[in-house]
Amino acid sequence: MADLKNPIEQELYRALAGEGSADFFRPVRFEIATSEALRGDGGFDGVLTARWRDRVQRFGFQCKRTWSQLSMQRFKKSMEGALKGGLLPLLVTSYLSDGQLDELEAAEVSGIDLNGNGLLLASDLYVRRTGAKDRRKVDMPVSTVYRSWKVASLVPRLFVAEVRFPTVQSVLDACHGRMIRVNGGEPLLHLSTVSKALTLLEKDLVVGRSGRETRLLDPERLLARLVGAYRPPVATARFVGRTRLPAAQVWETLRQLRGVRAVTTGRGTAPRHTDLAGADLLQLYVSDAAQVVTAVAATATEAFPNLELIETGEEGVYFDARDDAGVVWASPLQTLLEISAGGAREVEAAKALRARMLMQMQGATRHVKE
Amino acid sequence: MSFLIVEPYLVELVRRMDTEGFPLIVAGGLGLHLKRRWVRQQVLDHGRETLMAIVPEARPTKDIDVFLRMDVFVQGEGEHVERFRRALEGLSYEVKTEFFQFSKRDTDVSIDLHTRMPNQQELVVVKCNKQRVGRKKQPSLKLHAYGTPEAFAIDDKPQTLPLIGEDPEGQRFEGHVRVPHPFAALCMKIQAAKDFEDLSPAEREDEENAKGQKHAFDLYLLLAMLDLQEVDEIRELVRSHAENPLFAGIRTGRREIFGVPDSPGCRTIRKEAQRLGERIELERFTVLLGELFA
């Protein structure tokens, strides 16, 4: 499965994976077909099944940050082959106004946005849902910057590792330096996002700005906010199975894979930072599970698995990962976030880790002041 | 360590038959009990990892179900049959059901003899009449065994477990006992469970038939005890029996009665688990059994 590079697609997966998925486009229920065969080869990003009572309609969807009449027509044309298979075109974007819904209707293309507006058109189905405001234009609550699935959360994450930056650009550069990039691709984090994130962090009194410089003010609040806003990453695919390769050879194979990001999960990294025991299972976040499965010749099994792959495009899990003798471990923060949301023993271990991290951050903050 | 009332009789039987050169495979509830006890010890002594985190207990039993090798019937001119019968007589076993069920005098211990179905070559000297297998030319002391089609893999990799105990006279024995490989045991249990589920609801209520509901739970126990090596061996045996029509029937039966957590066999497991106060993971059970027997 391809890496979900498009943030709209990531948001869509998250909206349809959580508890509120039933309300996302009520009364219609959406499910994303996860079959690999359904993705990417017909001019669309994936297949969405819409259900209402006993009616079922499948849509080939394309996620677009922005769209125009031309791109919509191109999408419609690219879907002509899929139409024979019963798939109808559906555009997914961040916001659809009434006027835009009219345009879609005229072009006979269905569309939904991430706010709950949309239009579904089929031979025996017509649904139009309007009135939800564009969340991007509503004043952004401060807490959004800590949400683990947002790329902007890399900025507060950065302040766990470093406490002072001379410019906004240096924050961006430091973030880029701690992101895992593949094939020299353009990182998803931009200066405007960093700038907005810093404004929110300043409003929340987590950082202070003096001239062009930004400093961490409140490590405790920063960690508390990050832990509170953490959600496990949305998996676009999961694999549980066995490989005959020993762990070291798995990592060697991963290093040679082009275009694939891989990092041990925070829970898998926990024995490095806490007294929690390690699992026999190699548990990894990867950007392309299918490619990894093939490369390490793994077979799916629930019986004594030794490999678990969680495919996700969320940047947070890869951020600030540490390479130690070829093994890529999650950052201490990612470990803290995951075990804080775990069982009783893990929560206990998280307390100790959090205290240690706080001490380091407070020490660094004092050092900067002096 | 737990012992069964029947265990001293098993000790004397195994000791005698080993001496006579008749390696028996102990199946049924007793075989399962021996395996469960050994697994517990392996977990304690060697940290054996089992497929299910929680392994239920095995039910107690007083029957001895054993599988005879087909050689007993096939080889020679019937002298093995005679020697086997004399060995049973030497242990005070009398014919209970001609000539595959024997009961020990002055006890309520009985032995049921089973065997796999004979192949074409073996049918030259062996006959099979209504699942009763025996030599065509029987010696004066006759011997049969209950032909069990679903035991087609009984001779594949039987497991040898330690057997330490005393015979009924209090004489100590330290030896080994053989039990079916989990693959063979799983196949037999799937068939037995299916036979039970195929009964009408009224038939299932019948006291004798009602005992059959134990098979589904035994199947769960067999699966729960597996370790990685056994899982790999099962995969290998599944491949080697892939073309066997008897195995195809077992696979179909598995799908029908253990396909999903709400299928009939699973409902029986749930009922038994409630009765026994055992914690079970039916969803995982169906997934794992489905994976192994796919």
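**The sheet of chain A and a buried aspartate in chain B**

In this predicted model, chain A holds an open sheet built from 7 strands, arranged in the order S1-S2-S3-S4-S5-S6-S7 and with mixed pairing. At the edges stand strand S1 (29-33) and strand S7 (125-129) of chain A; each has a single partner strand, so one side of each is left without a neighbour in the sheet. From one strand to the next, the twist averages 30°.

The S7 edge of chain A can be followed a little further. Strand S6 (residues 118-122) of chain A runs antiparallel to S7(A), and 5 bridges join the two. Within this pairing, A:Gly118 has A:Arg129 of S7(A) as its bridge partner. Helix H1 (residues 7-17) of chain A packs on the sheet, where it touches S1, strand S2 (46-52), strand S3 (55-63), strand S4 (88-93) and strand S5 (110-113) of chain A. The direction of H1 makes about 150° with that of S3(A).

Turning to chain B, a charged residue invites a closer look. B:Asp65 lies in strand S2 (residues 63-67) of chain B. This aspartate is buried, yet has no salt bridge. B:Lys214 carries the nearest side chain of opposite charge, 6.9 Å away, whereas a salt bridge would need the charged atoms within 4 Å. What the side chain of B:Asp65 does make is a polar contact with the side chain of B:His114, at 3.0 Å. Beyond its neighbours within four places in sequence, B:Asp65 is in contact with B:Ile25, B:Val26, B:Ala27 and B:Gly28, as well as with B:Asp112 and B:His114.

Definitions and conventions: Residues numbered from 1 in each chain as written. Chains lettered and ligands numbered in written order. Predicted model: local features only at pLDDT ≥ 70, side-chain atom pairs only at ≥ 80, totals over all residues. Heavy atoms only, no water. Helix = DSSP H or I, 4+ residues; strand = E, 2+ residues; numbered from the N terminus. Buried < 20%, exposed > 50% of the residue type's maximum accessible area, 1.4 Å probe, protein only. Lys, Arg positive; Asp, Glu negative; His and termini not counted. Polar contact = N/O pair within 3.5 Å; in protein donor to acceptor, adjacent residues only side chain to side chain. Contact = heavy atoms within 4.5 Å. Pairing = 2+ DSSP bridges. Axes fitted to C-alpha atoms, helices over the stretch in contact; angles between N-to-C directions.
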